[in-house]
Amino acid sequence: MEIFKTKAALEAFLKPLKLARKKIALVPTMGALHNGHISLIRIAQQHADVIICSIFVNPTQFTDPKDLEKYPRPIEHDLAMLLEAGCSGVFMPNVAEMYPAGEDEGWHIDLGAAEFVLEGEFRKGHYQGVTQIVKKLFDAVLPDIAMFGQKDYQQVLMIKQMVKYFNLAVEIITCPIIREEDGLAMSSRNIHLSRTDRENSLVLNKSLQFVVDHFEAFSLQELEEKARSFYKGIEGVDLDYFTIANGDTLMPVSAKDEPSLVALVAAQVGTTRLIDNMIIK
């Protein structure tokens with residue numbers, strides 16, 4: 001497994017592979033890897049010949065400097081996981097490599113109305129930072145396909161919008177959420193959960209599963225109300241939102257017969273903010 005610190009070194013590695021018409025897959029990450037990330041690599045291996053995983057904690061997508069500072073960076077652990085998973089190469093640039101001094105880093109593109117709802121409302125500017133770094137990674141790798149996890153459902157929609165905006169020749173593949181045995185969605189942030197927080201965090205999965213299991217039994221309004229009631233009385237858990245939305249636009253829905261529906265939730269559990277979702281149809 002090759003490790004690259006610069007775009008030039010990465011390009012030199014990929015150039016002969018592209019000339020040989022090898023299919024390249026990119027798995028962008030911020031490190032602190034878990035089995036959810038590895039599942040993206042496994043799926044990528046079914047679609048491509050060469051798998052490049054990037055590890056870069058991107059400063060422009062953090063709206064809270066403290067969140068950036070405490071983001072876990074267990075690099076030796078990450079590299080061992082990628083080696084065992086059969087990753088072809090790892091792109092590990094520093095901030096100066098991705099944001100060179102003196103370059104105009106002005107970035108604001110039209111991501112549509114979905115940028116400003118749900119996560120966009122709570123983390124203003126977040127998706128501008130996300131799409132900025134993903135575009136930089138796409139420019140560095142020029143992948144045929146790129147893998148993203150469904151857990152960050154809104155993020156995937158924003159990246160697809162960015163690809164459409166620039167008319168990029170990359171296919172975005174959304175990969176299923178990987179969960180712990182008790183249902184908690186795997187996340188790099190889970191490391192910050194105390195034992196009590198870890199137990200309380202299961203409410204996200206339970207509320208989502210309730211909506212999926214009882215979708216035919218109640219109205220949309222009743223489903224949302226019942227799901228939100230799961231969070232009442234749990235000390236240390238503050239619900240940011242629970243919504244059933246159009247799966248393509250994230251706009252509120254008024255009828256069950258829409259072709260694409262997704263339930264999404266975000267909550268503060270202790271000091272850690274968690275998100276989760278389940279596709280209804």
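I looked up E119 in this predicted model and found the residue buried, with a relative accessible area of 3%. I then asked which side chain meets E119 in a salt bridge at 2.5 Å, N to O, and noted that R273 is the partner. Since E119 lies in helix α6 and R273 in strand β9 (residues 272-279), I recorded that the pair ties together parts that are 154 residues apart in sequence. I also noted that both E119 and R273 are buried, and that salt bridges with shared partners join E119, R123, D240 and R273 into one network.

Within that network I checked R123, which forms a salt bridge with E119, the closest N and O atoms being 3.9 Å apart. R123 is buried too, because its relative accessible area of 17% is under 20%.

I turned next to K136 in helix α7, where I found a salt bridge with E105, the closest N and O atoms being 3.1 Å apart. This pair links distant parts of the chain, as E105 sits in the loop between α5 (95-98) and α6 (119-122), 31 residues from K136. I noted K136 as buried at 18% relative accessibility, and E105 as partly exposed at 26%. Leaving out residues up to four places away in sequence, K136 touches M98, Y99 and E105.

Last, I examined the largest nonpolar core, which has 41 residues, and saw that I52 and F138 touch the most other members. Helix α7 gives the most to this core, with 8 residues. Beyond its neighbours within four places in sequence, F138 has contacts that include L26, F148, M162 and I172. Apart from this core I found another, of 25 residues, among them L202, F210, A227 and A267.

Terms used: Residues are numbered from 1 along each chain as its sequence is written. This is a predicted model: local features need pLDDT of at least 70, side-chain atom pairs count only at pLDDT 80 or more; totals for chains, interfaces and linings use all residues. Side-chain values use heavy atoms; hydrogens and water are left out. A nonpolar core is a set of buried Ala, Val, Leu, Ile, Met, Phe, Trp, Tyr and Cys residues joined through side-chain atoms within 4.5 Å. Buried means under 20% relative accessible area, exposed over 50%, partly exposed in between (1.4 Å probe, protein chains only). Helices (H or I, at least four residues) and strands (E, at least two) are DSSP runs, numbered from the N terminus. Contact means heavy atoms within 4.5 Å. A salt bridge is a side-chain nitrogen of Lys or Arg within 4 Å of a carboxyl oxygen of Asp or Glu.
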